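Me: I'm new to reading protein structures and would like to look closely at one part of this one. Could you pick a single helix and walk me through what surrounds it?

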Amino acid sequence: MENFKLKVFRYDPETDAEPRYEEFTVTYREGMTVLEALLSVLEKQDSSLAFRYSCREAICGSCAMYISGAYVLACRVQVKDALEGDTVTVSPLPHMKVVKDLVVDMSKFWENYERVKPWIINDGPAPERERRQSPADRAKYNKEIDCILCGGCFAACPSGANNEEYLGAHALVWANRFFVDSRDTAKKERLELTATEYGVFRCHTVFNCVEACPKHINQTEAIQNLKKAAMAYRLGLTKY
Ligand code: SF4
Ligand code: FES
């Protein structure tokens, strides 16, 4: 294959009446990622194309997009794997306002992340050096800390699409990450923040988040853990 088509969502709310898709012909290179294809368009064909990226190696989470029917990181998915015929179709993450082209407004995503207090809360006396943790306790949140806050799960979730107050899988993953942390003493507060109609009980176990996650985090499992803990607390089986 010498060339392929890159069909890109274009929309500038300040100047365009309607969104549209624009096709670019891009020269293929073995191993080329979709991000590289977008950069090639930006450098050689249209310098007005807007998209986010930074690390180019699946670490920063800023290049999450909807590419040929999948929620993926543009810097990780290769063109050859995203081709439908001779075309790769690139759209912004859905359910968020488009700022320009492939750039979406992530304010709600970050706001929800902050709502779950993603930091250690410990009301005990400050330690002389550090709060220590056994390897077994540390292993309890091994997967959750891989989250790169890309927004893929947030965009993929139908519960979030239907209710913008829903915290979202990313926020609940981080809530669970601190809930299971042996150094954290705010268990009750964390359940109060998340075991609500707009928190864990809004998750209908559709598993879109699991499918969308580039870091293979099982968000549904984290959410179920918080649900179980909340039920045990409400039934008086656990005290905090
Ligand atoms: S849980 Fe996965 S999909 Fe969701 S924000 Fe984190 S890395 Fe992205
Ligand atoms: S550019 Fe950082 S995750 Fe893709």
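Reply: Here is a walk around one helix, H7, and the parts it meets. Please keep in mind as you look that this is a predicted model.

Let's begin by finding the helix. H7 covers residues 169–179, and two other helices are worth finding alongside it: H10, at residues 219–234, and H8, at residues 187–194.

Take H10 to start with. The axes of H7 and H10 are 9 Å apart, and the two helices pack at an angle of about 60°. An angle between 35 and 65 degrees falls among those called oblique, and H7 and H10 are therefore oblique to each other. Their crossing is left-handed. On the H7 side, the residues in this contact are Ala169, Leu172, Val173, Ala175, Asn176 and Phe179. They meet Gln219, Ala222, Ile223, Asn225, Leu226 and Ala229 of H10. Sorted by class, nine residues in the contact of H7 with H10 are nonpolar and three are polar, with no charged ones.

Now turn to H8. Here the axes come within 10 Å and cross at roughly 165°. Angles over 145 degrees count as roughly antiparallel, so H7 and H8 are roughly antiparallel to each other. This crossing, of H7 and H8, is left-handed. H7 contributes Leu172, Ala175, Phe178 and Phe179, while H8 contributes Lys187, Arg190, Leu193 and Thr194. The class count for the contact of H7 with H8 is five nonpolar, one polar and two charged residues.

It helps to put the two lists beside each other. Leu172, Ala175 and Phe179 of H7 appear in the contact with H10, and Leu172, Ala175 and Phe179 also appear in the contact with H8. Try selecting these residues in the viewer and turning the model slowly.

There is one more neighbour to visit, and that is ligand 1. The ligand is surrounded by 16 residues, of which the closest are Cys147, Cys150, Gly152, Cys153 and Cys213. Two elements give two or more residues each to this shell: helix H5 (152–156) and H7. H7 gives the most, with three residues. By class, the shell around ligand 1 has eleven nonpolar, four polar and one charged residues.

So what should you take away about H7? This helix packs obliquely against H10, lies roughly antiparallel to H8, and gives three residues to the shell around ligand 1.

How values were computed
Residues are numbered from 1 along each chain as its sequence is written. Chains are lettered from A and ligands numbered from 1 in the order in which they are written. This is a predicted model: local features need pLDDT of at least 70, side-chain atom pairs count only at pLDDT 80 or more; totals for chains, interfaces and linings use all residues. Axes are lines fitted to C-alpha atoms, for helices over the stretch in contact, and angles run from 0 to 180 degrees between N-to-C directions. Helices (H or I, at least four residues) and strands (E, at least two) are DSSP runs, numbered from the N terminus. Angles under 35 degrees count as roughly parallel, over 145 as roughly antiparallel, 65 to 115 as roughly perpendicular and the rest as oblique. A crossing is left-handed if the near helix is turned anticlockwise from the far one by less than a right angle, and right-handed if clockwise. Two residues are in contact if their C-beta atoms, placed from the backbone, lie within 7 Å. Ala, Val, Leu, Ile, Met, Phe, Trp, Tyr, Cys and Pro count as nonpolar, Asp, Glu, Lys and Arg as charged, and the others, Gly among them, as polar. A residue is near a molecule or strand if its C-beta atom, placed from the backbone, lies within 6 Å of it.
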